[in-house]
Amino acid sequence: TTLTETRSESGARAGEREGERERKRERSTSSESIMNHYYSQAGQAAQGTGHQQQQGLKGGGLHQHTNQAAAQQQQQQQQQQQRRVSTGTRARPSPPQRNPAPLTHAEVRWIIKKWQANKSRALGPSYDVKGLRESLAGDLVGEWRDRAAMAKRSGSYWTYDLEDVSVSEVRGVGGSGEVATAKARIQESAKLVEKRGGKVRSSYKDPYDVTYTLKRTDAGWRIIGVKI
């Protein structure tokens with residue numbers, strides 16, 4: 001009987017120890033499940049936060065950076081404009097362009113009389129062509145130089161006596177005011193004289209009508225065309 005009781009007690013104690021070990025394993029398994037669940041949720045939350053931050057850099061963060069750059073550029077432009085205003089370098093409106101005053105009858109008459117004087121010196125006994133550019137421009141300068149050289153080679157010269165210049169019309173050509181035409185009547189007497197002996201080869205005294213074309217240059221009005 002005593003042996004049977006002893007075995008029963010030993011079996012009971014062994015069963016208790018086995019039950020205790022089972023309860024410890026259950027507690028350990030439950031604790032691990034709880035920790036795994038916690039870390040899993042924490043990891044998902046961290047991943048979601050990182051994804052949101054990355055999306056913020058791609059979207060709203062880039063947009064914010066662009067707005068800042070535009071604001072800085074606008075501020076720099078305003079500062080530059082203020083500096084231009086303070087230094088007086090701001091562009092000023094140019095004054096309205098005005099057409100030059102039209103050529104008058106009196107001015108044309110004076111131009112013609114000056115031309116007659118320069119013509120007399122160029123074709124006269126001195127063959128002085130220096131004054132041609134004071135009255136002529138363009139091809140006429142060379143043309144009258146050639147006439148002076150021809151008269152010199154022929155051994156003759158011209159004498160002129162201007163009696164009257166009357167201007168009947170002055171008209172601008174185009175709208176620039178740089179070219180004009182003028183109609184005038186010239187009353188002069190002229191003689192072609194041989195340099196040796198003074199013999200008169202030819203002469204005329206009848207008045208003649210001339211249409212002049214004049215052009216405004218930096219040196220003033222010049223004759224560029226003559227039509228008799």
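The paragraphs below follow the pairing of strands and then turn to the nonpolar core of this predicted model.

A good place to begin is strand β2, which covers residues 179–194 and runs antiparallel to strand β1, residues 156–173, with 16 bridges joining the two. Within this pairing, W158 stands opposite L192 of β2. The two strands form a hairpin with five residues between them, and in the turn G174 has a positive phi of about 75 degrees.

Strand β2 also has other partners. Eight bridges join β2 to strand β4, residues 208–217, in an antiparallel arrangement, and here T181 has T213 of β4 as its bridge partner. Strand β3, made up of residues 200–204, is likewise antiparallel to β2 and is joined to it by four bridges, with V193 standing opposite V200 of β3. Strands β2 and β3 form a hairpin that again has five residues between the strands, and in this hairpin G197 takes a positive phi near 95 degrees.

From the strands we can move to the largest nonpolar core, which holds 26 residues, and in which L103, I112, L136, Y212, L214 and I223 touch the most other members. Helices α3 (105–123) and α4 (139–154), together with strands β1, β2, β4 and β5 (220–227), each supply at least two residues of this core, and α3 gives the most to it, with six residues.

Which residues is L214 in contact with, once its neighbours within four places in sequence are left aside? The contacts of L214 include L103 and I111, a group made up of E178, V179, A180 and A182, and a further group made up of W221, R222, I223 and I224.

Terms used:
Residues are numbered from 1 along each chain as its sequence is written. This is a predicted model: local features need pLDDT of at least 70, side-chain atom pairs count only at pLDDT 80 or more; totals for chains, interfaces and linings use all residues. Side-chain values use heavy atoms; hydrogens and water are left out. Two strands pair if DSSP finds at least two bridges between them. A nonpolar core is a set of buried Ala, Val, Leu, Ile, Met, Phe, Trp, Tyr and Cys residues joined through side-chain atoms within 4.5 Å. Buried means under 20% relative accessible area, exposed over 50%, partly exposed in between (1.4 Å probe, protein chains only). Contact means heavy atoms within 4.5 Å.
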